[in-house]
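Biologist: Got a minute to go through this model with me? Let's start with the enclosed space.

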Amino acid sequence: MTETLLKSPPQPELLLRVAERVGTPTYVYFADVIRERIRLLRERTARIDARLLYAMKANGHPAVLSIMKEENLGIDAVSPAELLLALRVGFDPDRILFSANNMTDDEMEFAHRQGVLLNVGELSRLERYGRAHPGSRVCVRVNPRIGAGHHDHVITAGPDSKFGIPVEAAAEILRIVERHGLRLVGLHQHIGSGIMDTGTLWSAIRVILEAAKHFPPVEFINLGGGLGVPYRPGEAGLDFENFDTRVVEPLDEFLTGDASRPAVWFEPGRFLTAECGVLLVRVNTVKANPERTFAGVDSGMTHLLRPALYGSYHAVSNLSNPDGDPVPYDIVGNICETGDRFARDRAVQEIREGDVLAILDTGAYGMSMASPSYNLRPVPAEVLVPGESDPGRFRVIGRRQTAAELVADVLGRAESRRD
Ligand SMILES: Cc1ncc(COP(=O)(O)O)c(C=O)c1O
């Protein structure tokens, strides 16, 4: 059935100006939205004085990272390159948690040498780290055996998940920690992404809080990210009243009863950046077959993978015809895959060839999942709207690569060299 509710894009005139001046496809990020989400989360966790890290995998653009740094957040980095980028942007090593999974010895060594705290989610890796660096500070990622998320692929705890050390293995963790004189300073969990159900969140938090009693006092408990955002028109956002009474209050109570009172950390990605972003695309082709009408655009799943990977919903708005009557379309990309579809049977203001569409809420896991490799399509340009600090202006923060430059990259990497 066609959905007819529409969601409004932020600052449509400015977005159209970006499309004209910078071209399409282009990701646009509104800095004020990021700052507002940080403020909101800080306000809602003030009672427990939570420390916020930003999961940079959601959107690792240096300009976005700089905002996080200005706002005094730390970083959750999951690969050596993410770690290196965070350091280059200016984050202090002691503000970064390195949470790669299935780390290699070299990756552990690299992170250790940077003076960054490692978050280890496998017993064998903990053993190796202890052997290589006895006496080091370390954080351990546990699997609380409860997972949640908007799609199976993003549930990162529970019986089917590769992440973390099962919470039942506390004794084994302790044995390794003691054997190598490691200092277990933190416990971590991240149960999944796109979670709206605060009840599940609390159930998992209870597990790690109980588990913490089996360890000597830790400095912090990191509860991961995962807070969901509303993607559909009319969908309610995270219920913060519920979050307060079902997560923050009980957490506070629990910690008040703990003489060592560890600090609480959260490491959101999506919550801080999803709603700051819009992907601007241009319609090249409108064509109808007997069953449906396709609007073909100059972008595709290699720019925004979430619809193809998870069946995710992103609202679409026709910036060029905002008052047009809603008509159902399949909005499809230019990649040679039938699954390359941004929206199926979706009501959008009538679309003409040449129109500019805004694909909303694409600031998280949009550009960070983009790749020019498949079908050799350069990734979108990127634009930042500074907002209050520079009203009405925008700045190109990611230059559009040409086809010739992309081919030069491919040929450059393919150059064979003698050993
Ligand atoms: C360890 C860890 N922390 C935090 C996050 C951020 O999740 P979200 O963007 O849902 O907040 C992820 C996402 O995969 C993660 O793997």
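Biologist: How much space lies in the largest cavity?
Modeller: About 80 Å³ in this predicted model. A cavity is a set of points, on a 1 Å grid over the protein atoms alone, where a 1.4 Å probe fits but cannot get out. Volume is the space filled by probe spheres set on the points, with grid points joined across faces, edges and corners.

Biologist: Any ground rules on the model?
Modeller: It is predicted, so to speak with care: local features need pLDDT of at least 70, side-chain atom pairs count only at pLDDT 80 or more, and totals for chains, interfaces and linings use all residues. Residues are numbered from 1 along each chain as its sequence is written, and side-chain values use heavy atoms, with hydrogens and water left out.

Biologist: Which residues line the largest cavity?
Modeller: Among them are Ile191, Leu201, Phe243 and Glu267. Lining residues have an atom within 4 Å of a point. By class, the lining has 8 nonpolar, 3 polar and 1 charged. Ala, Val, Leu, Ile, Met, Phe, Trp, Tyr, Cys and Pro count as nonpolar, Asp, Glu, Lys and Arg as charged, and the others, Gly among them, as polar.

Biologist: How many cavities of 30 Å³ or more are there?
Modeller: The whole structure has 3. The second largest has a volume of about 50 Å³. Its lining includes Asn101, Glu122 and Arg141.

Biologist: Switching to the ligand. Where does the ligand sit?
Modeller: In the largest pocket. Sitting there takes more than half of the ligand's atoms within 2 Å of the pocket's grid points. A pocket is an open set with protein on both sides within 12 Å along at least five of seven lines. This one has a volume of about 580 Å³.

Biologist: What lines that pocket?
Modeller: 28 residues, with Lys57, Thr156, His190, Ser193 and Tyr365 nearest its centre. They divide into 10 nonpolar, 13 polar and 5 charged.

Biologist: And which residues are closest to the ligand itself?
Modeller: Ser193, Gly226, Glu267, Arg270 and Tyr365, out of 13 that surround the ligand. The cut-off is a heavy atom within 4 Å.

Biologist: Which polar contacts does the ligand make?
Modeller: They include a ligand nitrogen 2.7 Å from a polar side-chain atom of Glu267. Another pair puts a ligand nitrogen 3.4 Å from a side-chain N or O of Asp76. A backbone N or O of Gly269 is 2.9 Å from a ligand oxygen. Here a polar contact is a pair of N or O atoms within 3.5 Å.

How values were computed:
Polar contact = N/O pair within 3.5 Å; in protein donor to acceptor, adjacent residues only side chain to side chain.
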